[in-house]
Amino acid sequence: MENKSDYLKFRNSLLRELADANACFDLYLHLRKRLDNNPQLWSDGGTYFRLTLHSLSRTALAILTNVFETRKIDKDWNKLNEEDKKRFKKTKARSIHKFLSCLESNHHNIFPKNDPDPLKNSDHEYIKKTVKKHQELINKDFKSIQTLLHRRDKYFAHLDNEYINNPDLLEETKPFYISEFRKLTGLGFMILNESPGGQHTLYTQAIKGYKEGFDRLLFKVNEYNDKIAPTVKREPTPIKEYKWEFETNEDQ
């Protein structure tokens with residue numbers, strides 16, 4: 001991130017990733033609600049919906065993990081020494097941690113004082129204070145970020161030996177709550193929108209309407225079933241009870 005163009009591309013790419021994670025997560029919850037309220041959907045297409053839910057939930061978590069990627073350290077933030085804290089923040093990944101680190105160390109080149117561009121911010125002390133504030137906010141959610149990393153490393157990246165024969169162990173040892181997902185995506189959007197360059201909402205606007213689109217498709221399916229299904233012989237398909245990917249005993 002050597003100049004303002006690279007900086008803005010980096011920032012916008014992170015905003016796009018957060019928007020995609022948020023959309024997948026919202027659609028996962030929306031579909032889950034529809035299935036809870038309509039058992040007939042399971043009977044008509046349970047296998048398809050099971051795979052769809054599986055894909056949406058894991059995609060949302062995987063993207064969010066990439067956005068908050070760090071060098072993993074299995075300790076509480078308050079117990080880390082200064083060297084561990086530096087190691088935790090240092091990463092080659094295109095993450096919010098890397099974004100803040102580059103802005104902190106290279107803000108003079110990204111926003112030079114003689115730059116005529118209206119996006120400039122010549123108050124370099126303000127930039128450094130803002131970066132420090134954002135880093136402190138991330139540190140407060142250290143435990144949730146570590147849980148994300150653990151789930152990705154133990155399940156998405158590869159199946160760890162201890163989880164192969166006990167797939168429920170991940171939920172038992174490292175549960176990740178709906179409220180935590182909301183908090184981290186909100187934190188990411190806040191940090192990026194407060195960074196120099198002004199608010200950027202193109203991607204959140206571009207992916208609106210996904211829930212409404214699903215509901216329209218579902219309406220068409222129901223309309224088709226009302227007209228055609230009575231004339232077609234169907235055998236009921238037993239569907240095994242689905243276990244949700246996220247714990248729900250916290251505020252949503």
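**Exercise 1.** In this predicted model, decide whether Tyr48 is buried or exposed, and do the same for Phe49: buried or exposed?

*Solution.* Start with Tyr48, whose relative accessible area is 57%. Exposed residues have values over 50%, so Tyr48 is exposed. Now take Phe49, with a relative accessible area of 10%. Buried means under 20%, so Phe49 is buried.

**Exercise 2.** Work out how the rings of Tyr7 and Phe99 are arranged, and which helices they come from.

*Solution.* A search of the whole structure turns up six aromatic pairs. In one of them, Tyr7 and Phe99, the ring centres are 5.3 Å apart with 20° between the planes. Planes under 30 degrees apart count as stacked, so this pair is stacked. Next, place the partners: Tyr7 sits in helix H1 (residues 4-37) and Phe99 in helix H4, so the pair ties together parts 92 residues apart in sequence. Both Tyr7 and Phe99 are buried. For contrast, try Tyr48 and Phe49: their ring centres are 5.3 Å apart and their planes stand at 65°, so that pair is edge-to-face. Finally, follow the ring pairs onward, and they link Tyr7, Phe10, Phe99 and Phe111 into a cluster.

**Exercise 3.** Describe how helices H4 and H5 pack.

*Solution.* Begin with the geometry: H4 (residues 96-110) and H5 (residues 124-140) pack at about 160°, their axes 10 Å apart. Angles over 145 degrees count as roughly antiparallel, and H4 and H5 are therefore roughly antiparallel. The crossing of H4 past H5 is left-handed. Then look at the residues that meet, among them Leu100 and Leu103 in H4, and Ile127 and Val131 in H5. Sorted by class, this contact holds six nonpolar, six polar and two charged residues.

Key:
Residues are numbered from 1 along each chain as its sequence is written. This is a predicted model: local features need pLDDT of at least 70, side-chain atom pairs count only at pLDDT 80 or more; totals for chains, interfaces and linings use all residues. Side-chain values use heavy atoms; hydrogens and water are left out. Axes are lines fitted to C-alpha atoms, for helices over the stretch in contact, and angles run from 0 to 180 degrees between N-to-C directions. Helices (H or I, at least four residues) and strands (E, at least two) are DSSP runs, numbered from the N terminus. Angles under 35 degrees count as roughly parallel, over 145 as roughly antiparallel, 65 to 115 as roughly perpendicular and the rest as oblique. A crossing is left-handed if the near helix is turned anticlockwise from the far one by less than a right angle, and right-handed if clockwise. Contact means heavy atoms within 4.5 Å. Ala, Val, Leu, Ile, Met, Phe, Trp, Tyr, Cys and Pro count as nonpolar, Asp, Glu, Lys and Arg as charged, and the others, Gly among them, as polar. Rings of Phe, Tyr and Trp (its six-membered ring) pair if their centres lie within 6.5 Å; planes under 30 degrees apart count as stacked, over 60 as edge-to-face and the rest as tilted. Buried means under 20% relative accessible area, exposed over 50%, partly exposed in between (1.4 Å probe, protein chains only).
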